[in-house]
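User: Please give me a close look at one residue of this model, and then walk me over to the ligand site. I'd like one connected account that I can follow with the structure open.

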Amino acid sequence: EKAGYKHFMAKEIAEQPIVLADAIKHMVAGNALNPPAEVDFAGVDRLTMVGCGTAYYACVVAKYWFEQIAGLPVDVDVASEFRYREPPITPNTWAIFVSQSGETADTLAALRYCRDKAAKIVAVVNVPTSSIARESDIALLIRAGVEVGVASTKAFTCQLTTLALMALKAAVDRGRLTPAELAQHIADLQALPGLVSQALRIAPEVAVIAEELAEAQDILFLGRGPLFPLAMEGALKLKEISYIHAEGYASGELKHGPIALIDARVPVIVLAPRDALFEKTVSNMQEVMARHGKVLLISDAAGVAEAGAGCWRTIAMPSVPNFLAPILYAVPAQLLAYHTAIAKGTDVDQPRNLAKSVTVE
Ligand code: M6R
């Protein structure tokens, strides 16, 4: 069932162009969005988004999208904290629960907490028959297909794609996007699976870099804006399957503490698409290099040409519209974790101590 791949994770990473295209096809009709009829954000004042692990990081990326594109404020939390905090939910709030399995105990408990409080309960799930799908008012399917590897890969990019389409829908419903702008976003989304295919071609380069990363004790990931949650996702993926300690930080937080960790033994992976924050991220990266940190810069070819001098390694990604960068930059994060685990000889699909679906608290 691994279709010739050595691991389910490799297969699931490789499947992304196909499943993303499928997810997009189901939510777009021509130049317009085609979500379920009940998805109408007019009159919604606020979103509360909840998930665990990778699903939580998808929520954090989506916060940037909903706030920037649709002007809709978003609270976001991990389910285990949310459920016991007793957060007040204002009447025109939609509560969105993101879960691949749809069975995560804390996420389900958070959903139940919101049941009589939120205006609508929305599930963003992969398994249509799951508890979280069944107990929601609206279940949006991410259409990733079965994900076997414990480390979530294609489910993450499908979650992001579904949430990106929802953010566009919210922007339309709230009068924030012209038809021409929407058509451009849709065209960009339709080009995304092709960009992901191109991005997958960095795998051999990543495998070489991973041989050296496998020697590290600690690795930092840095990103700004919607690439900050990607930094956290990259760190989670790496620690899950390679057992190397890794942390994701907002680049601007570096000088508030983590820079003390930097020396010549600490690889620092900088996720820096050429967006409005590129120069700021590069200046944080230079602070790392000034302390002899080993920087791996991941940007597009122009970004690498502009800022790659003095880096330990660079990876040139295809150029991507800013809005979609967090989805495309999931690919190097996945490949780095995968190849580092291969270099270390760990169990990629069944890492120690972890379960695919966490159905107990
Ligand atoms: O099934 P869920 O999406 O609710 O699972 C949430 C987390 O347990 C899951 O994303 C976990 O963090 C993954 N192993 C990450 O790769």
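Analyst: Happy to start with K117, keeping in mind that this is a predicted model. Is K117 buried, exposed or something in between? Its relative accessible area is 37%. Buried would need under 20% and exposed over 50%, so K117, at 37%, counts as partly exposed. As for its place in the fold, you will find K117 in the loop that links α5 (105-114) to β6 (120-125). If you want a landmark, try W94: the two residues are 23 apart along the chain, and their C-alpha atoms are separated by 9.4 Å.

Now for the ligand. Its surroundings comprise 14 residues, and the closest are S99, Q100, S101, T104 and E240. By character, that shell divides into seven polar residues, five nonpolar and two charged.

Several polar contacts are worth finding on screen. In the side chain of S101, an N or O atom is 2.6 Å from a ligand oxygen. At T54 the partner belongs to the backbone: one of its N or O atoms lies 3.2 Å from an oxygen atom of the ligand. S152 also uses a polar backbone atom, 2.8 Å from a ligand oxygen. On its own the ligand has 410 Å² of accessible area, and the protein covers 91% of that. The space that the ligand takes up is the largest pocket. Two elements, α3 (53-70) and α10 (227-242), are the ones that give two or more residues to the shell around the ligand.

Conventions. Residues numbered from 1 in each chain as written. Predicted model: local features only at pLDDT ≥ 70, side-chain atom pairs only at ≥ 80, totals over all residues. Heavy atoms only, no water. Near = heavy atom within 4 Å. Polar contact = N/O pair within 3.5 Å; in protein donor to acceptor, adjacent residues only side chain to side chain. Areas by Shrake-Rupley, 256 points an atom, 1.4 Å probe, with all protein chains shown as cover. 1 Å grid on protein atoms, 1.4 Å probe; cavity = no way out; pocket = protein on both sides within 12 Å on 5 of 7 lines; lining within 4 Å. Sits in = over half its atoms within 2 Å of the grid points. Helix = DSSP H or I, 4+ residues; strand = E, 2+ residues; numbered from the N terminus. Nonpolar A, V, L, I, M, F, W, Y, C, P; charged D, E, K, R; others polar. Buried < 20%, exposed > 50% of the residue type's maximum accessible area, 1.4 Å probe, protein only.
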